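Let's take a walk through this one together, going from salt bridges to loops, then into the core and back out to the surface. Have the sequence and the model open side by side as you read.

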Amino acid sequence: MKRSLFGRFWPNATAVLLVAFFAFPVYWMFATAFKKTPDIVADTPVWIPLEPTMQHFKSAIDAENFWTFVANSFTVTLLAVIFSLMIALAASFALARMKFKGRRGFIIGFMIAQMAPWEVMVISIYFIVRDADMLNSLIPLTIFYMVMILPFTLLTLRGFVAAVPRELEEAAMVDGCSRRQAFIKVIFPLLAPGLMSTSMFGFITAWNEFPMVLVLNKQVEYQTLPLWLSGFQSVFGNDWGATMAASSLFAIPVLLLFLYLQRGAVSGLSDGAVKG
């Protein structure tokens, strides 16, 4: 018994240390956002803000064009995720269920696209967008984000579609469903965990993207929140309180989405097991 308890101690202790290591920067960001400026710049670290203040959040929200940045970020991110899911869902079903010439090369091409760093294409994309007279617009930004997250979305959904037994679809068609009805009523509910995980990844990737919007959109009314985070500076240096408050506001949508989709993914998995 003692040996068994000792054997379980070290994995659990290691897990706790890893969680603390990765969670501490997040805690420090939120804690600093609530600290008063003297506590932030104090020589002795203030671990817990005993007298929290909302002034830094007010400074961040009152920043010029804040709500424009919020609207732009949500617009391009949600549209990119929705379009990529629509395209990837149809393509993944074809790749998993159908045999056609060039199928293997198509999959390999998407894998290569997933491995390629998008930053090397910034200059080329800039010239394409400039020649199309579409600089300072949300349309090319949305298209780029969609293409950026599409390879991962497609390859991941293909694995989920391939894991669904063909017999379920065939049984639904025997019962009178068309192929489209069988997909909507049987296959689609079983893909809920895959849709949740890929949409979460796509949202985080597009939400955090910085270089492309910096290059394509020089006008403030077409910029997004990552650029907004770089604006809390003055002649005296960085305003760390406002910067941490802005970073906290920037992270909240991602945290809420993660919590919501995590619950939805578990629910979708359970529903799919019952319907199977």
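K36 sits at 36% relative accessibility, so this lysine counts as partly exposed. Keep in mind that the model is predicted. The side chain of K36 meets that of E51 in a salt bridge, with N and O 3.1 Å apart. What does the pair link? It links distant parts of the chain: K36 is in the loop between α1 (2–34) and α2 (37–40), E51 is in the loop between α2 and α3 (55–61), and the two are 15 residues apart.

How many salt bridges are there by this rule? The count comes to three. Another one joins D62 and K58, whose closest N and O atoms are 2.9 Å apart. K58 has a relative accessibility of 48%, and because buried means under 20% and exposed means over 50%, K58 counts as partly exposed. Then there's the bridge between the side chains of R130 and D131, at 3.3 Å from N to O. R130 is partly exposed, with 39% relative accessible area, while D131, with 58%, is exposed.

While you're in this part of the chain, take a look at D133. This aspartate lies in the loop between α6 (122–131) and α7 (138–163). Its phi is positive, about 55°, although D133 is not a glycine. At 70% relative accessibility, D133 counts as exposed. N65 is another residue to check on the backbone: it has a positive phi of about 65° and is not a glycine either. You'll find N65 in the loop between α3 and α4, and with a relative accessible area of 31% it is partly exposed.

Now for a loop with some buried polar residues. N217 belongs to the loop between α11 (211–216) and α12. Is N217 buried or exposed? Its relative accessibility is 1%, so N217 counts as buried. What does its side chain reach? One partner is the backbone nitrogen of S137, at 3.3 Å. A polar atom of the N217 side chain also lies 2.7 Å from the backbone oxygen of Y222. Setting aside residues up to four places away in sequence, N217 touches N136, S137, L138, L141, Y222 and Q223.

Q223, one of those contacts, lies in the loop between α11 and α12 as well. With a relative accessible area of 14%, Q223 is buried. Its side chain reaches the backbone oxygen of N217 at 3.2 Å. If you leave out neighbours within four places in sequence, Q223 is in contact with F69, N72, V213, N217 and K218.

From here, step into the nonpolar interior. Which residues touch the most other members of the largest nonpolar core? Of its 31 residues, they are L191, L225 and W228. The elements that each give two or more residues to this core are α4, α5 (103–115), α7, α9 (179–190), α10 (192–208), α12 (225–229) and α13 (240–275). Among the contributors, α4 has the largest share, with ten residues. To get a feel for the packing, center your view on W228. Not counting residues up to four places away in sequence, this tryptophan touches A60, A63, F66, F69, A246 and L249. Apart from this core lies another, made up of 17 residues, including V122, L141, M148 and M212. You've met L141 already, as one of the residues that N217 touches.

Finally, head back out to the surface. Which residues form a nonpolar patch there? They are F74, L78, L79, I82, F83, M86 and I87, and together they have about 610 Å² of accessible area. Take L79 as an example: this leucine is found in helix α4, which covers residues 66–97. L79 has 35% relative accessibility, so it counts as partly exposed. That makes α4 a good helix to inspect from both directions: α4 gives ten residues to the largest core, and α4 also holds L79, a member of the surface patch.

Technical notes:
Residues are numbered from 1 along each chain as its sequence is written. This is a predicted model: local features need pLDDT of at least 70, side-chain atom pairs count only at pLDDT 80 or more; totals for chains, interfaces and linings use all residues. Side-chain values use heavy atoms; hydrogens and water are left out. Patches are made of residues with over 30% relative accessible area and no salt bridge: like charges are joined within 9 Å, nonpolar side chains (Val, Leu, Ile, Met, Phe, Trp, Tyr) within 5 Å. Accessible areas come from the Shrake-Rupley method with a 1.4 Å probe; for residues, only the protein chains shown count as cover. A salt bridge is a side-chain nitrogen of Lys or Arg within 4 Å of a carboxyl oxygen of Asp or Glu. Helices (H or I, at least four residues) and strands (E, at least two) are DSSP runs, numbered from the N terminus. Buried means under 20% relative accessible area, exposed over 50%, partly exposed in between (1.4 Å probe, protein chains only). A nonpolar core is a set of buried Ala, Val, Leu, Ile, Met, Phe, Trp, Tyr and Cys residues joined through side-chain atoms within 4.5 Å. Contact means heavy atoms within 4.5 Å. A polar contact is a pair of N or O atoms within 3.5 Å; within protein, one must be able to donate a hydrogen and the other to accept it, and residues adjacent in sequence count only if both atoms are side-chain atoms.
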